[in-house]
Each structure stands twice: as C-alpha cells, then as structure tokens.
Amino acid sequence: MRVHIIYTGGTIGMVDSPHGLVPGADLEGWLDSLLAGTPLARSVTVTSLAPLIDSSNATPLSWQAIVDDLRAHAAADPQTAFVILHGTDTMAYTSAALSYALTDLSVPVVITGSQLPLGELGSDAAANVTGAFQAATSGRLSGVALFFGHRLLAGNRVTKSSSWAFTGFESPNAAPLATTGAPWQWAQAASPGIGWKDAAPYTRHDVVVIDLVPGITVARLEALLTPLPEAVILRAFGVGNVPSQEPGLTDVVERVIAAGTAVIVTSQCHESQVLLGHYEAGDALARSGAVGSRDMTLEAAYAKTQFLLSQGLAGDDLAHWMGRSIAGELSQ
C-alpha cells in the first residue's frame with residue numbers, strides 16, 4: 001500500500017526564527033531517515049500545501065484544500081492511504097470537517113502532528129508519525145481518524161485537551177479506536193453514519209460561537225448576534241441549560257430562529273449529552289426551536305454546521321441534520 005502525506009504546516013515542521021516558530025524544517029529529509037529500512041521507504045509521496053500555515057490560521061477553505069488534494073490522489077490510486085500532518089491548535093476541527101466531506105471514500109485517512117518540532121530533542125513527532133503510518137496501513141481503518149499520544153481516535157469525536165501533554169487530545173464521549181502496544185489493541189468501530197453523496201466544497205460561512213456565562217445580559221447577547229449570523233452555536237451549561245430567569249434572553253433566541261438562523265446548543269462540559277428540556281432551565285430553549293448537539297464535541301458541531309451551510313442548508317433544514325449522524329459524530 002502506498003501512503004500519501006499532505007503536509008499543511010504546524011509545530012511538527014517548524015523551526016526557530018526571530019519572531020517565534022515558523023515552518024521551515026526539512027520534512028522530506030526527516031521522513032526519508034524515519035522510514036529508511038522499512039517497507040514504506042519507497043512508498044511515500046508528499047504534498048506540501050502552499051502556504052504552510054500555523055493551524056490557528058486555518059479556515060474552511062483550508063479544509064477544502066486538503067479534501068481536493070486527497071481526492072486527486074485517491075482517484076489516481078484507490079489503494080492509497082493518507083496521513084495528514086497538521087498543527088494541533090485546530091486539528092480537531094479539521095479532522096471533523098474531513099470526516100463529513102469524505103464519507104463516499106473508503107480510504108484510510110489519519111491526521112497527526114506533534115507538540116514539539118521534529119528537530120527538538122525528545123520530540124513526539126516520530127512516535128506520532130510512525131503511529132499514523134501504522135494505523136493508515138493496518139487494513140483495519142476506513143474513514144478519518146486522529147492519531148496522537150499512542151492512541152487512535154475517531155476524527156470527529158476528539159477535542160484538544162492540552163497544549164503541552166504528549167497525549168494532547170481526548171475523545172470524551174467515544175472510546176479510542178486503538179491503543180498502541182505489542183500488539184496494538186483495537187476496539188470495535190462505531191457506526192459510520194449515513195454518509196453524504198456528492199458533497200459540495202467547503203465555503204466560508206458566518207457561524208458564531210457564544211459561551212454563556214453567569215450574569216450574561218440580553219443586551220450583550222443581542223449585540224453578539226447583530227448582524228444576524230447564518231447559524232449560532234450556543235455553548236450552554238451542563239445538559240443544555242441557560243439562565244432562563246434572565247428576562248428576555250430566550251426571546252432573543254426565538255427571534256433569531258424566526259429570522260431563519262439555526263441555533264445549535266452544545267455544552268461547555270467535554271463529557272456531556274445535551275438534553276434540552278431535561279431541566280426547566282433548558283426547556284425554554286427547546287420550545288424556542290433550538291436544537292441540541294447531543295454528544296458532539298464543539299469542534300464536530302462547528303465543522304458540521306459549516307459543512308451543512310456549504311451544502312446549501314439553513315434554518316430548520318440545517319437544524320434537522322444536526323441530529324442525524326453523517327460520519328459517526330453522534331453516538332447511536
């Protein structure tokens with residue numbers, strides 16, 4: 001099996017500069033040394049996207065650039081496996097976004113990176129990249145996964161949990177797909193979702209994410225929603241609770257929905273199951289027409305909202321699809 005690497009930038013390939021870390025490492029030379037003497041030594045190709053970026057600068061157009069390169073190489077050789085090297089800051093957003101856009105391809109796609117540049121002593125780069133190669137060529141993976149810190153996680157069930165720990169990412173509501181060892185320990189894969197045929201490319205849409213906090217006022221919420229965005233992700237408390245006794249707050253949500261903007265409610269808890277109406281403090285949102293994200297991570301919910309908007313959905317249609325699993329992003 002051949003492996004194609006799509007290098008997008010990120011810490012893994014960065015070097016020091018007068019203004020901090022910037023892309024500049026000899027990635028291909030490092031990969032040649034890493035794979036020398038292995039069966040993959042002459043079976044790896046690399047695309048470096050231009051420009052290479054810190055993943056903090058990624059947008060939905062960055063996601064589409066990866067999709068385009070991946071599809072081109074998959075069409076040329078359907079037996080290719082893919083490893084994507086990416087910065088950690090928005091890796092969970094990208095892995096979720098790819099999962100929705102690639103449900104029609106049965107190729108393995110593994111995204112990884114590192115907390116330390118590949119040239120630093122003690123870097124986690126080699127362990128993560130070789131683990132990603134092993135997962136991608138295992139014959140046991142189909143779809144998008146994220147490999148980091150000795151664990152293979154479903155690509156749309158992850159969130160970045162640490163800016164320094166070598167584990168780095170957690171999958172709070174879904175078990176790892178595999179854990180490294182001698183041999184690797186593989187779990188049974190979850191349902192892949194219903195898929196999406198002929199996905200339109202990602203385009204950039206106005207989606208606002210709002211964290212509710214104790215004492216937030218109606219005036220502030222209205223200001224954050226003016227002008228009206230295409231969709232709203234409201235990060236509520238617990239299982240989807242809001243300060244329902246704040247006069248007029250849920251009225252604002254009702255007006256936004258009546259104007260054609262979908263409101264998706266997620267939780268500020270990593271381990272959560274949004275159940276609107278389970279408490280009185282969330283019932284008003286349910287009655288207003290807002291939809292809960294169930295156990296999706298913020299990254300999965302945001303990327304899914306961008307995906308659905310890019311497919312031409314909005315308002316009630318978008319809200320309806322938030323409750324249907326496209327690529328395994330929801331527990332059944």
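Trainee: Which residues does Asp89 touch, not counting residues up to four places away in sequence, and what makes each of them a contact?

Mentor: Asp89 touches Asp54, Ser55, Ser56 and Lys160, and each qualifies because contact means heavy atoms within 4.5 Å. This is a predicted model, in which local features need pLDDT of at least 70 and side-chain atom pairs count only at pLDDT 80 or more, while totals for chains, interfaces and linings use all residues. Residues are numbered from 1 along each chain as its sequence is written, and side-chain values use heavy atoms, with hydrogens and water left out.

Trainee: What makes the pair of side chains of Asp89 and Ser56 a polar contact?

Mentor: The side chains of Asp89 and Ser56 are joined at 2.9 Å, and a polar contact is a pair of N or O atoms within 3.5 Å (within protein, one must be able to donate a hydrogen and the other to accept it, and residues adjacent in sequence count only if both atoms are side-chain atoms). The value of 2.9 Å therefore qualifies as a polar contact.

Trainee: Why is Asp89 called partly exposed, and why does Ser55 count as buried?

Mentor: Buried means under 20% relative accessible area, exposed over 50%, and partly exposed in between (1.4 Å probe, protein chains only). Asp89 has a relative accessible area of 41%, so it is partly exposed, whereas Ser55, at 3%, counts as buried. Asp89 is found in the loop between β5 and α3 (91–101), while Ser55 lies in the loop between β4 and α2; here helices (H or I, at least four residues) and strands (E, at least two) are DSSP runs numbered from the N terminus.

Trainee: How do you know that the residues listed by UniProt under "binding site" gather at one spot?

Mentor: The unreviewed UniProt entry lists Ser55, Thr88 and Asp89, in the numbering used here and with feature names shortened, although annotations may be inferred rather than shown by experiment. These residues span 35 residues in sequence, yet no two of their C-alpha atoms are more than 6.9 Å apart, so they gather at one spot. Ser55 is in contact with Thr88 and Asp89, among others.

Trainee: How do you know that the "active site" positions of the UniProt entry come together as well?

Mentor: That unreviewed entry places the feature at Thr11 and Thr88; they span 78 residues in sequence, yet their C-alpha atoms are no more than 7.5 Å apart, so they gather at one spot. Thr11 lies in the loop between β1 and β2 (14–15), and Thr88 in the loop between β5 and α3. Among the contacts of Thr11 are Ser114 and Gln115, and the residues that Thr88 touches also include Ser114 and Gln115. At 6% relative accessibility, Thr88 counts as buried.

Trainee: What makes β4 and β12 edge strands of their sheet?

Mentor: The open sheet has eight strands in the order β4-β1-β5-β6-β7-β8-β11-β12, with mixed pairing, and β4 (44–53) and β12 (185–186) each pair on one side only. Two strands pair if DSSP finds at least two bridges between them; β7 (residues 143–148) and β8 (residues 151–154), which run antiparallel, have four. Within that pair, Phe148 stands opposite Arg151 in β8.

Trainee: Why are β13 (207–211) and β16 (291–292) said to have one side without a neighbour in the sheet?

Mentor: The open sheet of four strands has the order β13-β14-β15-β16 with parallel pairing, and β13 and β16 stand at its edges with a single partner strand each, so one side of each has no neighbour in the sheet. Helix α8 (residues 298–310) lies across β13, β14 and β15 (262–267) at about 165 degrees to β14. For such angles, axes are lines fitted to C-alpha atoms, for helices over the stretch in contact, and angles run from 0 to 180 degrees between N-to-C directions.

Trainee: What makes a group of residues a nonpolar core, and which residues have the most contacts inside the largest one?

Mentor: A nonpolar core is a set of buried Ala, Val, Leu, Ile, Met, Phe, Trp, Tyr and Cys residues joined through side-chain atoms within 4.5 Å. The largest has 51 residues, and Tyr100 and Leu308 have the most contacts inside it. Its largest share, eight residues, comes from α8. Another core, of 28 residues, lies apart from it and includes Leu40, Val110, Leu141 and Phe147.
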